[in-house]
Structure formats: structure tokens, C-alpha cells
Amino acid sequence: MNGQDAAFEPVGKDELAWLGTRPVPAAPYHDPDWFELEREAVFRRNWLQIGHVCEVPDRGSFIRREVEVLKASILVTHGKDGVIRAFHNVCTHRGTQLVDACEGKQSTFSCPYHMWTFGLDGGLISAPDFESFHVSKSDCALPGLACEVIGGLIFVHFGTPAMSLRAELGPLAEKLEQMPVGRATTFSEYVYEIDANWKLTFDNFQENYHLRFIHPAAAQPVCSADNPFGYPVSYDFHGAHRAQRIWTNPNMPPPAPIQGEAFRRGGASAMADGLFGAETVKDYLALFPNFFLFGSPVQHFSHMVMPLAHDRSRGVIRLYWVGEDDSASERFAREYVMATARDVHAEDRSVIERGHKGLASGALRHIHFQSQESLCRHMFNEVERMVQAFRAERLEVVR
């Protein structure tokens, strides 16, 4: 991606024409049958962001995550050897879920049903009267998942990855590691559930076309006379993943006093933590299928949209911080930045749900993306490609 100039120059239509210009089928945004295909074609076959290393800081730390789209519960553990691993949260005796706690610290996990006990590396340590079973302990380890950490973020893969995530992300992996998330030690989080398809929800957060209409106040830093819709200065595509670089209005009006003070204090803290200076401060990375991260050192947030059903999704928004807020000034700045992000995202909810209701009515056969909604079109193209490939595989098996 190119650097940013004061005068806005939009990315030309011709540069984005390779993505296509056709109307996009509407059914995949509301059809239950298409959603069932996405479960396997998209979510079981791609890396999913599931947590952060600051949640499992010590040997013995663990977190549990529910991945409803795959009807799965997983454990992420920090082993005695320092390695972070991921396992299905199921006892290999009869499938009973091992752990109810969302997080904790312990050296073993024991099934409440028959007390089979497993270590942090997933190995079976003991089982009552195990000699009566016609199997070895090594065959009874917890089923593991491919797990990688990049920029402090933990990713898992429910299938057999064709390549490592680092190789798949290429230069985007380096960007992740330059961002504050790579040094984060804590985070603020809020979770919402929305009556809308996951793609429709995610699309809202990867286009700026709506900013001046839904967020007139928040749009001021990125909208101006020569860029009235706040379009980014550049796009980047790497396989199924994508990115954009945010443009900043050089003549934006001054913020309200309390907002200016909050961001001034937050900026001072970020400066003291050495978070300024990276070239990623205006980068927005959208990692396929359902995660994005914004590089701002003051309001450094991620957003994950997890499908719950064809017509319902859960969003998890986190703001990552380096160090604790050990002063009133820093606490004020963090709370204000968090509240500002939440207020802006709250403005999106009703219009996303209205969009889903309209599409679910079946009134439209197609929807339309303009050139500057290229991230939305790119994501749809990738989902469609994967679903069609999965369909072809199933037909081949039947033959």
C-alpha cells in the first residue's frame, strides 16, 4: 500500500476491475442452505482468530472458547514447555465436555463423568481401571487443532491447513507483528448479538460508503470536501485476505473538549509505550473469514464476527492495551476511547438488521457493490469460490 498524501486521490475503478462488476446474488446473505455449506467450506477450512496470548500468560493458563458455527468447544492451553496449543474440549472416553470454566490455571483437566485426566499437552495421564480398555493411552489424547500465534493473536484451524497461517498471510503477518496487539498485555471487550447474517454484518465494517449517513460526527476525521465518503487511499489483497489504508482529513474540525482531552491523554500513553512510528498506524487488516484489526495506537481495536445461524451473529470487539491503566488519567482515556468505539458501533446495528430483514424477504435477487466497496466484493468472491469448490467435491464423492 502506498503512503498517504494530503490531497485525496481515490483508487481508480480500473485498478479494482479485476474483482468484477456483476450484481452479487442476494440469497447467500440469508439462505439457510447456503449457510450450511459455509460451515464446512469456510469455517472448517480456514484459520479462525480465537484469542490473545495475554489470556494465557503463564504455564498452566487456559481459556475455553465456544465456536457455535462448528458446534465445537475448544481449549487453548499454555503448556509446561511454554507452547500454546488448542484441543477439542471433549473427553476421549465418551465425548463428555471436560471444562466448564471460561478461563483458569491448572496443570490437568479431569472429566467429571469417569475421571479421565489429561495434561496441558493433551495427553491422557490417567484413567480408572484403564487396563480393562483395549487401547493405549497414546491413542486417547485430546483431539488437537492446528494452532498458531502471530502478533500475539491466537488462531486455530479445524481442518488440515494447506499451509501455515504465516505463509498464507505473507506480508500481512509482518503488519500484525508491527501493530500494538503484538505487545498487548490486556484488553477491554464488549460483545453484541445481532439478527443478521455474518457477511452482511462484517461488510458494514469494511466499507466507508455509509459513514457520512450513519456516523456524521465520527466521520469527520476521514471525510472532507474532496473525499466526502471517507474512502481509503489504497487497498491491498493477499489471497483471501484484504486490507485498506485509512485516509485522514487534514482540515478536520477540532474535537469537542472532553474528546480532545481523552485522545490527548491516550496519545501520550501510547507515545510513552513506544506505539507510534510504525507504518501500520492507518492500516485496517481484514483476515478471512471474519476478523479485522485497525492499527491505530490510540484506539487499537479488533472486531470478530462469528456466525450463530444464517440470520444471527455475535460480534466481539476488543481494544488492546500495553500495560495496566495505573493512573486516573490513563483510566479516563481508555474508558472514553472504549465508550466512543461502542457508541459508533451501536449506530450500525439497526441498519444492519434492517438490511437483513429486507434481503430475507426474498424481494431482491441481487445486491450491488460499487468500486469503493471492493473489500465487500472480494470477501463475497472468496466465500462463493470456497462454497462452489466444496459443492464440487461433494458431487465427486457421490459419483
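In this predicted model, strand 12 and strand 18, the latter spanning residues 312–321, run antiparallel and are joined by nine bridges. Within this pair, Ser188 stands opposite Leu319 of strand 18.

**The sheet around strand 12**

These two strands belong to an open sheet of seven strands, whose order is 12-18-17-16-15-14-13 and whose pairing is antiparallel. Strand 12 (186–194) and strand 13 (234–238) stand at the edges of this sheet with a single partner strand each, so one side of each is left without a neighbour in the sheet. From one strand to the next, the twist in this sheet averages 15°.

A helix also belongs to this picture, since helix 8 lies across strand 12, strand 17 (301–309) and strand 18, and runs at about 15° to strand 12.

**The other sheet**

An open sheet with the order 2-11-10-5-4-3-6 is likewise made of seven strands with antiparallel pairing. Its edge strands are strand 2 (48–52) and strand 6 (103–105), each of which pairs on one side only. The twist from one strand to the next averages 30° here. Inside this order, strand 4 (residues 72–78) and strand 5 (residues 84–88) run antiparallel and are joined by five bridges, and Thr77 has Arg85 of strand 5 as its bridge partner.

**Helix 7 against helix 8**

Helix 8, which lies across strands 12, 17 and 18, also meets helix 7: the axes of the two helices come within 8 Å and cross at roughly 115°, and the crossing in which helix 7 passes helix 8 is left-handed. On the side of helix 7 the contact is made by Ile258, Gln259, Glu261, Ala262, Phe263, Arg265, Gly266 and Ser269, while helix 8 contributes Ser329, Glu330, Phe332, Ala333, Tyr336 and Val337. By class, the residues of this contact divide into seven nonpolar, four polar and three charged.

**The pocket and the cavities**

The largest pocket is lined by 46 residues, and those lying nearest its centre are Ala218, Pro221, Val222, Phe294 and Gln299. Helix 7 (257–272), strand 16 (291–294) and helix 8 (328–360) are the elements that give two or more residues to this lining, with helix 8 giving the most, namely eight residues.

The count of cavities of 30 Å³ or more comes to two. The largest cavity is lined by 14 residues, of which Gly266, Ser269, Ala270, Trp321 and Arg334 lie nearest its centre. The elements that give two or more residues to the lining of this cavity are helix 7, strand 18 and helix 8, and helix 8 supplies the largest share, four residues. Gly266 and Ser269 thus appear in two settings, being listed in the contact of helix 7 with helix 8 and also among the residues nearest the centre of the largest cavity.

The second largest cavity is lined by Trp47, Gln49, Phe155, Leu165, Leu169, His241, Leu287, Phe288, Pro289, Asn290 and Phe291. The table sets out the volumes of the three spaces together with the classes of their lining residues.

| Space | Volume | Lining residues by class |
|---|---|---|
| Largest pocket | about 1,500 Å³ | 26 nonpolar, 14 polar, six charged |
| Largest cavity | about 130 Å³ | nine nonpolar, two polar, three charged |
| Second largest cavity | about 40 Å³ | eight nonpolar, three polar, no charged |

**Two points in the backbone**

Most residues other than glycine have a negative phi, and most peptide bonds are trans. Against that background, two places in the backbone may be pointed out. The peptide bond from Phe288 to Pro289 is cis, with omega near 5°, and Pro289 is found in the loop between strand 15 (283–287) and strand 16. Both Phe288 and Pro289 are among the residues that line the second largest cavity. The other place is Met115, which has a positive phi of about 65° although it is not a glycine, and which lies in the loop between strand 7 (108–110) and strand 8 (117–119).

How values were computed:
Residues are numbered from 1 along each chain as its sequence is written. This is a predicted model: local features need pLDDT of at least 70, side-chain atom pairs count only at pLDDT 80 or more; totals for chains, interfaces and linings use all residues. Side-chain values use heavy atoms; hydrogens and water are left out. On a 1 Å grid over the protein atoms alone, a cavity is a set of points where a 1.4 Å probe fits but cannot get out, and a pocket is an open set with protein on both sides within 12 Å along at least five of seven lines; lining residues have an atom within 4 Å of a point. Grid points are joined across faces, edges and corners, and a volume is the space filled by probe spheres set on the points. Ala, Val, Leu, Ile, Met, Phe, Trp, Tyr, Cys and Pro count as nonpolar, Asp, Glu, Lys and Arg as charged, and the others, Gly among them, as polar. Two strands pair if DSSP finds at least two bridges between them. Axes are lines fitted to C-alpha atoms, for helices over the stretch in contact, and angles run from 0 to 180 degrees between N-to-C directions. Contact means heavy atoms within 4.5 Å. A crossing is left-handed if the near helix is turned anticlockwise from the far one by less than a right angle, and right-handed if clockwise.
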